[in-house]
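Biologist: Please walk me through this model, and expect me to ask where each word comes from.

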Amino acid sequence: MAEAHQAVAFQFTVTPDGIDLHLSHEALKQVYLSGRRSWNKRFIRFKNGCLTGVYPASPSSWLFVVVAVMATMYARVDPSLGMISRIRDHLPASGFLSSQSQSVLSALLFSTVLWMALVFTMRQTLKLLLSYQGWMFMEHGKIPTSTKLWQILVQIFSGRKPLLYSFQTSLPRLPVPAIHDTTQRYLVSVRHLLDEEQWKRTQALARDFEVTVGPRLQWYLKLKSWWANNYVSDWWEEYVYLRGRSPIMVNSNYFAMDFLYFIPTGVQTARAANAIYAMLLYRRKLEREQIRPFIGLNTIPTCSWQYERMFNPCRIPGIEAGMCPLPHTPRSEEHT
């Protein structure tokens, strides 16, 4: 009870002389620090959202575009080909602004629209470049000139100093393979598991699937691929992760073990505390999106959505399938 009394920010007692109020400065200090930490997290989340939303550009590039447009206007050169004048003529508050203020505001609006168009173009160009998959099938050590040029373009449009989720909107959608390719891969995977009679029957079933049920299911799958970034992830989570009955701790969850070659101490408690401290530092960087996304071959960025599931989520058992509540995060979709 003594600890509970100390945790109260203020106490009051009613006496014959009135109300006697006692403030706990330490408790008020903790309330202030807690609120400051909360607003600091919100600010970091808002800042990262802005940086990720305009990547591979940066907010400073907007200022560069504005300064460039303003400089050309003061040099009496119209870079907008008359669009700034049209914006100025249609400003709703033109009666309350001077002519110079209207020109500056029109130039700001034009610069912002131009900058957003450049950001969209860069992002779509990067997505188009990342859709190329020919580099996967090339012989090691023999890279043609066209692939080297593609690699240089990807590095140019990838920007600098990306945050953890900076590439998410630039990654291409997971493509849907053709029905024939899917059935052929299936037949190759089961060929050595079947005898001759079973193999012929499986081939006949695969051919029948390609001309009967397959096209309709393929159409549904393509429709879902247009709507979702990854048409597999939610089904995988539902039927493999949530409906599974095997233990999660040793089969699916992330885990860490104290396999360090440098052993500063042999005390088990100290080593456990050091491991927990290191994981909390990593979690702090993860929440602030300060972890650099994995970039294969120093060129191809990969999806980072699974990082949001590294801490806090769990599987709550259900009758047919479990539930997987996610921590509070603005991320909700996955790519490949």
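**Words and their cut-offs**

Modeller: Let's start with a pair: the side chains of Arg243 and Glu238 meet in a salt bridge, at 3.1 Å from N to O. The model is predicted, so local features need pLDDT of at least 70 and side-chain atom pairs count only at pLDDT 80 or more, while totals for chains, interfaces and linings use all residues. Residues are numbered from 1 along each chain as its sequence is written, and side-chain values use heavy atoms, with hydrogens and water left out.

Biologist: What makes Arg243 and Glu238 a salt bridge?

Modeller: The term asks for a side-chain nitrogen of Lys or Arg within 4 Å of a carboxyl oxygen of Asp or Glu. Arg243 and Glu238 meet at 3.1 Å, so the pair qualifies.

Biologist: How many salt bridges does a search of the whole structure find?

Modeller: Four. Among them, Glu196 pairs with Arg191, with the closest N and O atoms 3.6 Å apart, and Asp234 pairs with Lys224 at 2.8 Å. Asp234 lies in helix H10 (residues 233-242) and Lys224 in helix H9, so this pair ties together parts 10 residues apart in sequence. Helices (H or I, at least four residues) and strands (E, at least two) are DSSP runs, numbered from the N terminus.

Biologist: Why does Lys224 count as buried?

Modeller: Buried means under 20% relative accessible area, exposed over 50%, and partly exposed in between (1.4 Å probe, protein chains only). Lys224 has 18%, so it counts as buried. Its partner Asp234, with 38%, is therefore partly exposed.

Biologist: Is Ser225 buried or exposed?

Modeller: Ser225 is buried, because its relative accessible area is 7%. It lies in helix H9 (residues 214-227) and touches Arg173, Val176 and Tyr231, leaving aside residues up to four places away in sequence. Contact here means heavy atoms within 4.5 Å.

Biologist: What does the side chain of Ser225 reach?

Modeller: The backbone oxygen of Lys222, at 2.6 Å. That fits a polar contact: a pair of N or O atoms within 3.5 Å, where within protein one must be able to donate a hydrogen and the other to accept it, and residues adjacent in sequence count only if both atoms are side-chain atoms.

Biologist: And where does Asp195 lie?

Modeller: In the loop between H7 and H8. The side chain of Asp195 reaches the backbone nitrogen of Glu197 at 3.3 Å and that of Gln198 at 2.8 Å.

Biologist: How do you know that the span of helix H8 agrees with what it should be?

Modeller: The expected span is 1.5 Å times one less than the number of residues. For the 16 residues of H8 (residues 196-211) that gives 22 Å, and the end C-alpha atoms are 23 Å apart, which agrees. Trp199, Thr202 and Ala206 are the buried residues of H8. They cover an arc of only 65° around the axis, which puts them on the same side of H8; the arc is that of the directions from the helix axis to the C-beta atoms. On the other side, Glu197, Lys200, Arg201, Arg207 and Val211 are exposed.

Biologist: What covers the buried residues of H8?

Modeller: The cover includes helix H7 (179-190).

Biologist: How does H5 compare with its expected span?

Modeller: Helix H5 (residues 99-130) has 32 residues and should span 46 Å; its ends are 47 Å apart, which agrees. Its buried residues include Phe110, Trp115 and Leu126.
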